[in-house]
Amino acid sequence: MKENYFPILIYSIVVIGLALSFLMMAQYFGPRRKSKQKLEPYECGVEPFDSHRRKFHVKFYLIATFFILFDIETVFLIPWAVTFKEMSMIAVFEMFFFLFILGIGLIYILKKRVFDWD
Amino acid sequence: MSLWAERRISAFIQDRLGPNRVGPLGLFQPVADVIKFIFKEDIVPERANKFIYNLAPLIAFIPPLITFAVIPYGTTDWGLGGNLAIADIGIGILFILAVSSINAYGLAYGGWASFSKYSLLGGLRSAAQIISFEIAMGLVVISLLMSAGSVNLNDMVLYQKENGWFIFTQPLAFILFMITAFAETNRLPFDMPEAESELVGGYHTEYSGLKFAMFFMGEYIAMATMSAIIVTLFLGGWSFPWIETLFPSGSSSVIVIAIVSITVFMGKVTAMLFFFIWVRWTLPRIRWDQLMKQGWKILIPLALLNIVLTAVFKFIW
């Protein structure tokens, strides 16, 4: 089983080497003419104003949190999905119950208007 | 290749010629572009975080290529044992889901490290978008796993060869997966991270030269890999109706079968790529809040519903 993964290792090394060589080429070829304007953050030709590390909307954090919740639940579903044909009816209804609770959670999130920007 | 195809087809749809000077029909245009990119200045903004700034294009470029390693692109005896894939591993689809989501880091890092407002917004948007649609994609894949009963990609192709392609037996899953695929690869109509009219260039606003080219190539490789995944999961991979009777595995040589199956696979991938490009130049971009609403309010409930329906159908039969 383990030797099946060996080609992936070799392939990954080749790909990473290719990508690193691209970075090297970006470093060594090409002209380097620095100027103050060029190194400033791009802002459509206007002088850059206020900080660029600014606060962003709290909803991005919420989305990340819900992503973790739902992704773990997806991982939980995968073993069941592969083997559910061999299991009894009870296993299927148990998973339906789980999905039902999850659906209630999703409806609660939506009712709290988490995904409504205004 | 797909870059050239994109520019030619977009030109055709917009009623102009497109690049046609370098090589026959302009086929070498992407090569010329890369060579030009090599000799362009590589600007690192002075306030950028240098290490992460250089790391981001690597992360955007590598995972889509590695994902391709597990896709079965051909066979030598129509599924009796000789699979052609760089690596035929047992956890195929999980490997794809795991590796392809690393991509999000590349875009988010690139946006954050550039120290530009547009880049930050673009990076945040792309990260939020990719992780949201990741869930829907995982849930859609589960309904396929329930039908095929395996996470090995070659087993899934074989199942489709026996029982019909998933595009016919799981049409709802196919539509949902197409939508998430467009969102995951940041293609129009869901290319929020780099919405030119709002964010200049999104996460790669500050990148130039080869590093910009790496983001760009990463995006196109992701599109090609996503087409290959769709072909494997929904369009039966290398299988094609009645082609086995033309080249039976007993009498035809191994190489002939390999060439025929790879040609079938590449033909399907090319058709998918054409579809991606076609959609890009046909549909307008939707608003970002609409996109997130669509992802959470429509796609995820529908994907859950699809799982329940698949389970019920499987037990009736």
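Start by selecting B:Thr232: its relative accessibility is 1%, so B:Thr232 counts as buried. Bear in mind as you click around that this is a predicted model.

**Stop 1: B:Thr232 and its surroundings**

B:Thr232 sits in helix α11 of chain B, which covers residues 209–234. Show the side chain and look for a polar atom of it 2.7 Å from the backbone oxygen of B:Ala228. For context, recall the general geometry: an α-helix has 3.6 residues a turn, so residues three or four places apart point the same way.

Now bring up what B:Thr232 touches once neighbours within four places in sequence are set aside. The contacts are B:Ile71, B:Pro72, B:Leu153, B:Val157, B:Gln160, B:Gly237 and B:Phe265. One of them, B:Gln160, is where we go next.

**Stop 2: B:Gln160**

Select B:Gln160 and you land in helix α7 of chain B, residues 153–163. Is B:Gln160 buried or exposed? Buried, because its relative accessibility is 1% and the cut-off for buried is under 20%.

Follow the side chain of B:Gln160 and you find it reaching the backbone oxygen of B:Leu233, at 3.0 Å. Contacts of B:Gln160 beyond four places in sequence include the run B:Thr232, B:Leu233, B:Phe234, B:Leu235 and B:Gly236. B:Trp165 and B:Phe166 are on the contact list of B:Gln160 too.

**Stop 3: B:Thr169**

Slide along to B:Thr169, in helix α8 of chain B (residues 166–169). With a relative accessible area of 44%, B:Thr169 is partly exposed; that label applies because the value falls between the 20% and 50% cut-offs. Leaving out residues up to four places away in sequence, B:Thr169 touches B:Asn163 and B:Gly164.

If you like distance labels, draw one from B:Thr169 to B:Leu145. The two are 24 residues apart in sequence, and their C-alpha atoms are 13 Å apart in space.

**Stop 4: helix α9 of chain B**

Next, select residues 171–184 of chain B, which make up helix α9. How far apart are its end C-alpha atoms? They are 20 Å apart, which agrees with the 20 Å that 14 residues should span at 1.5 Å a residue.

Colour α9(B) by burial and you'll see that ten of its 14 residues are buried, so the helix is largely enclosed by the rest of the structure. Among the buried ones are three phenylalanines, B:Phe174, B:Phe177 and B:Phe182, together with B:Leu176 and B:Met178. The buried set also takes in B:Thr180 and B:Glu184. Just past the helix, stop at B:Asn186 and check the backbone: its phi is positive, about 55°.

**Stop 5: B:Gly111**

Jump to B:Gly111 in helix α5 of chain B, residues 103–113. B:Gly111 has a relative accessible area of 0%, so it is buried. Put a distance label from B:Gly111 to B:Ile167: these residues lie 56 apart along the chain, with 36 Å between their C-alpha atoms.

**Zoom out: chain B**

Now show chain B as a cartoon. You should find 14 helices and two strands. Of its 317 residues, 61% are buried. Chain B has an accessible surface of about 12300 Å², with 70% belonging to carbon and sulfur atoms. Take the contacts in chain B between residues at least 6 apart in sequence: 79% of those join residues at least 24 apart.

**Over to chain A**

Hide chain B and look at chain A: four helices, zero strands, so a cartoon runs α-α-α-α from the N terminus on. Buried residues account for 33% of the 118 in chain A. The chain exposes about 8200 Å², and carbon and sulfur atoms supply 71% of that. For contacts between residues at least 6 apart in sequence, 52% join residues at least 24 apart.

**Last stop: helix α1 of chain A**

Select A:Phe6, A:Leu9, A:Ile10, A:Ile13 and A:Val14 and switch on the surface: together they make a nonpolar patch of about 500 Å². A:Leu9 belongs to helix α1 of chain A, residues 6–28. Its relative accessible area is 47%, so A:Leu9 is partly exposed.

Finish on A:Ile16, also in helix α1 of chain A. A:Ile16 is partly exposed, at 35% relative accessibility. One more distance label goes from A:Ile16 to A:Leu102: they are 86 residues apart in sequence and 40 Å apart, C-alpha to C-alpha.

Definitions and conventions
Residues are numbered from 1 along each chain as its sequence is written. Chains are lettered from A and ligands numbered from 1 in the order in which they are written. This is a predicted model: local features need pLDDT of at least 70, side-chain atom pairs count only at pLDDT 80 or more; totals for chains, interfaces and linings use all residues. Side-chain values use heavy atoms; hydrogens and water are left out. Buried means under 20% relative accessible area, exposed over 50%, partly exposed in between (1.4 Å probe, protein chains only). Patches are made of residues with over 30% relative accessible area and no salt bridge: like charges are joined within 9 Å, nonpolar side chains (Val, Leu, Ile, Met, Phe, Trp, Tyr) within 5 Å. Accessible areas come from the Shrake-Rupley method with a 1.4 Å probe; for residues, only the protein chains shown count as cover. A salt bridge is a side-chain nitrogen of Lys or Arg within 4 Å of a carboxyl oxygen of Asp or Glu. The expected span of a helix is 1.5 Å times one less than its number of residues. A polar contact is a pair of N or O atoms within 3.5 Å; within protein, one must be able to donate a hydrogen and the other to accept it, and residues adjacent in sequence count only if both atoms are side-chain atoms. Contact means heavy atoms within 4.5 Å.
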